[in-house]
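Open the model in your viewer and keep the selection tool at hand. This tour goes from one selection to the next and says what is there.

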Amino acid sequence: QQYDFGMIGLGVMGRNFILNVLDHGFSAAGLDLNHEQVEALKQEAEGKTVLSTSDTAEFVKALSTPRKIMLLVPAGKAVDTVIGSLLPYLQEGDLIIDGGNTFFTDTDRRFNSLKEKGIRFMGMGVSGGAEGARRGPSIMPGGDPEAYDIVAPILEAVAAKAKGEPCVAHLGNGGAGHYVKMVHNGIEYGLMQLLAEAYDILKHGAELSNEALAETFEAWNNGALESFLVEITAAIFRQPDALSQGSLIDSILDKAKQKGTGKWTSQNAMDLGIPVPTIDAAVTMRGLSALKADRANTAPKYSRSIEQLPLLDKEALINQMGEALHFAFLMTYAQGMHLLHEASSAYQFGLNPETIAKIWRGGCIIRAEILEDMRQAYQQEPSLANLVNSEIFRSPLLYGQRAVREVLSAAHQLGRPMLAMASTLHYFDAIRAERLPLNLVQAQRDYFGSHTYERTDREGSFHTEWGA
Ligand code: 6PG
């Protein structure tokens, strides 16, 4: 028996991905050094054409050539270790696919070093968590188009489908797949933080119970905000907790962890000079959430005297929050896509924004109705740098910004942070401002450092002996 597809790393994601491959009529082999995982796959895939082993030689020899071997192991050193352990058994033309959240420059490095050995390598983002891997993820491959072709039939079969089309496509050169997945995660951070802020203001400003919050988010999910994250947020508010006998959400510690992809998005955006302030704010808020002890220490020193403010109009606040979220979601995608636009030329990825919007419509964590509008915007104008300039976005943005100002003023009255929402609005106000006050910054630079400045009324660089 020769198997069509190999998977290394039989954690829940890896096993689910294999089960998905098997569901579509392919045979598959799985490899993991952990015997419990090997046994788990054997049990879950009982009766199917599957090999589950911890023997690398047996695994590689069992695969039909050119071999298609996907890795779902933690990003970093583990990927190099696994590749090293495979190399003695591989032959020219075999394909290794890294499906983890790897930093794109690591992918480029591995691609180049494997190419010298005649081994194909593809960096591939996979989104949708364990459920996505099992039922259909969104898949973001990059690298050589010929390498993609080898594995395309399998990936297209297992990927989520949106409007009948598989949520996978060859996205671009080198580390393009992992880069797109990184930005996907940056957007994911932004949307999650915006939802957390909306929850906070509705809970404290409109005193919504968990039940009322669930209903509100469900109603939003039936409208323009329809998305996976809004849907699961509604479900979270309904989750009971046996231990506390209350809602589980109320017993969860307010410290959010992170594995780095959101931070990488912000860091790389800074490197490329593209502002993504909503994502920056989301990363910053994860940092602030982690400073639990500091917050507990500082809180009593500044306890809120503002809580006696008049109660806000509940219905109005709920409606404004929905509109504000719609605005902020659009602007978060716009920032991420702007970054992709710039990265595509800076790193010669050759990305097509419409394709990206298309494959994000299903399977992934940031899937949302909005993505269909985005796809149309790019179909109309493929070279659009920033969605803020698309005709499709114009009227929802003009409309939504008013609601953002209202919810932010509620947040200010309550003294509760809405860093992502505020950053989103200020970004919008900045990108639509023909004139910003940075003429002053430029004057200051010239004042203390003779850095020179340009003028609005004539060409050239100027320097002034300030105060002279
Ligand atoms: C996905 C997710 C996933 C990511 C988690 C956790 O698309 O399925 O992005 O890949 O690992 O969301 O990310 P953090 O631990 O950084 O929050």
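**Domains**

Begin by colouring the protein chain by its domain assignment, which gives domain 1 (5-174), domain 2 (181-431) and domain 3 (437-468). Keep in mind that this is a predicted model.

Select domain 1 and domain 2 together. Their C-alpha centres lie 32 Å apart. How many residues of domain 1 are in contact with domain 2? There are 24 from domain 1, and they meet 22 residues of domain 2.

Stay on the side of domain 1 that touches domain 2. Four elements each give two or more residues to this side: β6 (120-127), α6 (129-135), β7 (138-141) and β8 (161-162). By class, the residues on this side of domain 1 are 11 nonpolar, 11 polar and two charged.

**The ligand**

Now select the ligand and the 13 residues around it. Which of these residues come nearest? They are Ser127, Asn185, Gln258, Lys259 and Ile365. The elements that contribute two or more residues to this shell are α8 (176-205) and α11 (261-272).

Colour the shell around the ligand by residue class. You should find two nonpolar, eight polar and three charged residues. Then bring back the domain colours: the ligand lies between domain 1 (5-174) and domain 2 (181-431), because both give residues to the shell.

**Helices α9 and α10**

Next, select residues 210-221, which form helix α9, and residues 228-237, which form helix α10. Their axes come within 8 Å and cross at roughly 160°. An angle over 145 degrees counts as roughly antiparallel, and therefore α9 and α10 are roughly antiparallel to each other. The crossing of these two helices is left-handed.

To see the contact itself, show the side chains of Asn210, Leu213, Ala214, Phe217, Glu218, Trp220 and Asn221 on α9. On α10, show Val230, Glu231, Thr233, Ala234 and Phe237. The residues of this contact of α9 with α10 are seven nonpolar, three polar and two charged.

**Helices α12 and α18**

Move on to helix α12 (residues 277-290) and helix α18 (residues 419-431). The axes of α12 and α18 come within 8 Å and cross at roughly 160°. This pair is therefore also roughly antiparallel. Is the crossing left-handed or right-handed? α12 passes α18 in a right-handed crossing.

On the α12 side, the contact is made by Pro277, Thr278, Asp280, Ala281, Ala282, Thr284 and Met285. On the α18 side, select Leu419, Ala420, Ser423, Thr424, His426 and Tyr427. The contact of α12 with α18 has seven nonpolar, five polar and one charged residues.

**Two backbone details**

Most residues other than glycine have a negative phi, and most peptide bonds are trans. The last two stops depart from this pattern.

First, zoom in on Thr65 and Pro66. The peptide bond from Thr65 to Pro66 is cis, with omega near -10°. Where is Pro66? Look in the loop between α3 (56-61) and β4 (68-71).

Finally, select Lys163. Lys163 is not a glycine, although its phi is positive, at about 50°. Lys163 sits in the loop between β8 and β9 (165-166).

How values were computed: Residues are numbered from 1 along each chain as its sequence is written. This is a predicted model: local features need pLDDT of at least 70, side-chain atom pairs count only at pLDDT 80 or more; totals for chains, interfaces and linings use all residues. A residue is near a molecule or strand if its C-beta atom, placed from the backbone, lies within 6 Å of it. Ala, Val, Leu, Ile, Met, Phe, Trp, Tyr, Cys and Pro count as nonpolar, Asp, Glu, Lys and Arg as charged, and the others, Gly among them, as polar. Domain bounds come from an automatic or database domain assignment. Axes are lines fitted to C-alpha atoms, for helices over the stretch in contact, and angles run from 0 to 180 degrees between N-to-C directions. Angles under 35 degrees count as roughly parallel, over 145 as roughly antiparallel, 65 to 115 as roughly perpendicular and the rest as oblique. A crossing is left-handed if the near helix is turned anticlockwise from the far one by less than a right angle, and right-handed if clockwise. Two residues are in contact if their C-beta atoms, placed from the backbone, lie within 7 Å.
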